[in-house]
Amino acid sequence: MLNQITALFMTMRAWDILDVLVVTLFLYNLYVLIKNTRATALLKGLLLLGLFTLLAGWLQLHAVSWIMEKLMTMILVALPVVFQPELRRALEQIGRGKFYVSSPIMTEQEWTNVIDNVVDAAVEMGKKKIGALLVFERTVGLDDYIDTGIRIEGLVSEELLGNIFIVNTPLHDGAVIIRENRIMAAGCLLPLTRDRSLSSELGTRHRAAIGISEQADCVVLVVSEETGTISYTYGGHIYRHMDAETLRNRLRGFLMQGHRRGVSDVIQKWSPLKK
Ligand SMILES: Nc1ncnc2c1ncn2[C@@H]1O[C@H](COP(=O)(O)OP(=O)(O)OP(=O)(O)O)[C@@H](O)[C@H]1O
């Protein structure tokens, strides 16, 4: 065994290493792209079906094997249809040269500043019963949704957020999308959840917040215009009646510990050129 491994390394050419590196980079970015989206759950399901097919073959259950093989073929044909939005987004990102995401890493102080400004704005809007919808992009890019709104690309501040959501102003309808310390766009249209089990108290603003969190790994804040309560959504779930401190802590958890944008982070983090 050891000899075989040694032989393998001895016969390895520089191109083979490059080959492995390219495949690793591709798979890692693919993982980052689909992590925490509905694609992950579907892939887990596929993996289980694959294992079941192998097991059926190994136990020589011919009828089960035959059915599973046909089923797998059908699923593989159906996959591009089911994953059409994800595939489109991935191809667009490659087309825009964004598959390998390179972005400056935010310091802890910068994140704290962003979170404080957003939470203070949300609390203030809650007191005044001003409805608001704020999406924090994480590893899954939200360019598709940013494109549905008005581009801003301004630094996050309590004052700017407060201004955007003033009732009857052009930008107040729809969602604000935040990427790191920038408000990328306002007035964005988000997909509504189709979950029928939700409370009837939750109108379209809350349904949009849940809907986008089902499609991507973003975290979304909602301020209710009716009650002034603040909620957040993540992974298709809604967490309601948040106070400022809990919200701050949850956002820290999501954004400061959980925010990774890919291999570029690691490279930048350990880069000797990093100041
Ligand atoms: N698909 C969507 N994407 C983004 N924003 C949306 C979407 N649908 C509705 N909204 C926002 O939600 C507002 C309507 O909120 P609605 O009263 O229906 O929801 P709600 O969940 O009951 O919230 P509230 O408690 O604030 O009343 C719209 O004016 C718009 O700003």
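A polar contact here is a pair of N or O atoms within 3.5 Å. Keep that cut-off in mind for the opening stop, where an oxygen atom of the ligand is 2.6 Å from an N or O atom in the side chain of histidine 206. You are looking at a predicted model, so please read every distance below as computed from predicted coordinates.

**Stop 1: the ligand and its shell**

Select the ligand and show the residues around it. How many residues surround the ligand? There are 15, and the closest are Asp173, Thr204, His206, Ser224 and Glu225. Three of these side chains are worth labelling. Besides histidine 206, whose N or O side-chain atom sits 2.6 Å from a ligand oxygen, pick threonine 204: an N or O atom of its side chain is 2.7 Å from an oxygen atom of the ligand. Then pick serine 224, which places a polar side-chain atom 2.5 Å from a ligand oxygen. Now switch on a surface: on its own the ligand exposes 640 Å², and the protein buries 79% of this area.

Colour the shell by residue type and you should find six nonpolar, five polar and four charged residues. Which element gives the largest share of the shell? Helix α9 does, with four residues.

**Stop 2: from the ligand to a salt bridge**

Stay with Glu225, one of the closest residues to the ligand, and add arginine 205. Their side chains meet in a salt bridge, with 3.2 Å from N to O. Glutamate 225 lies in the loop between β5 (219-223) and β6 (230-234), while arginine 205 is in helix α9 (residues 204-215), so this salt bridge ties together parts that are 20 residues apart in sequence. Are the two partners buried, or partly exposed? Glutamate 225 is partly exposed, with a relative accessible area of 40%, and arginine 205 is also partly exposed, at 23%.

**Stop 3: strand β1**

Next, select residues 132-136, which form strand β1. Five of the five residues in this strand are buried, so β1 is largely enclosed by the rest of the structure. Turn the strand to view each face: Ala132, Leu134 and Phe136 are on one side, Leu133 and Val135 are on the other, and all of them are buried.

Bring in the neighbouring strands one at a time. With β5, β1 pairs in the antiparallel sense over five bridges; to find the register, look for valine 135, whose bridge partner in β5 is valine 220. With β3, β1 runs parallel, and three bridges join the two. Here leucine 134 is a good marker, as its bridge partner in β3 is valine 176.

**Stop 4: along β3 to arginine 179**

Follow β3 until you reach arginine 179, which lies in this strand. Which side chain does arginine 179 meet in a salt bridge? The partner is aspartate 143, at 3.2 Å from N to O. The pair links distant parts of the chain, with arginine 179 in strand β3 (residues 175-179) and aspartate 143 in helix α7 (residues 143-146), 36 residues apart. Both residues are buried. For arginine 179 the relative accessible area is 16%, and it counts as buried because this falls under 20%.

**Stop 5: the wider set of salt bridges**

If you display every salt bridge in the model, the count comes to 12. One of them joins aspartate 16 and arginine 13, whose side chains meet at 3.1 Å from N to O. Aspartate 16 is partly exposed, with a relative accessible area of 22%. Then select Asp116, Asp120, Glu245 and Arg248 together, as these four are linked in a network of salt bridges.

**Stop 6: helix α10 and the loop before it**

Asp116 from that network also helps you find the next residue, leucine 251. Its C-alpha atom and that of aspartate 116 are separated by 9.7 Å, although the two residues are 135 apart along the chain. Leucine 251 is found in helix α10 and counts as buried, at 1% relative accessibility.

Finish with arginine 240, in the loop between β7 (237-239) and α10 (244-257). Arginine 240 is partly exposed, with a relative accessible area of 27%. To close, draw a line from its C-alpha atom to that of leucine 221: the separation is 9.9 Å, for residues 19 apart along the chain.

Note on methods: Residues numbered from 1 in each chain as written. Predicted model: local features only at pLDDT ≥ 70, side-chain atom pairs only at ≥ 80, totals over all residues. Heavy atoms only, no water. Buried < 20%, exposed > 50% of the residue type's maximum accessible area, 1.4 Å probe, protein only. Near = heavy atom within 4 Å. Polar contact = N/O pair within 3.5 Å; in protein donor to acceptor, adjacent residues only side chain to side chain. Areas by Shrake-Rupley, 256 points an atom, 1.4 Å probe, with all protein chains shown as cover. Nonpolar A, V, L, I, M, F, W, Y, C, P; charged D, E, K, R; others polar. Pairing = 2+ DSSP bridges.
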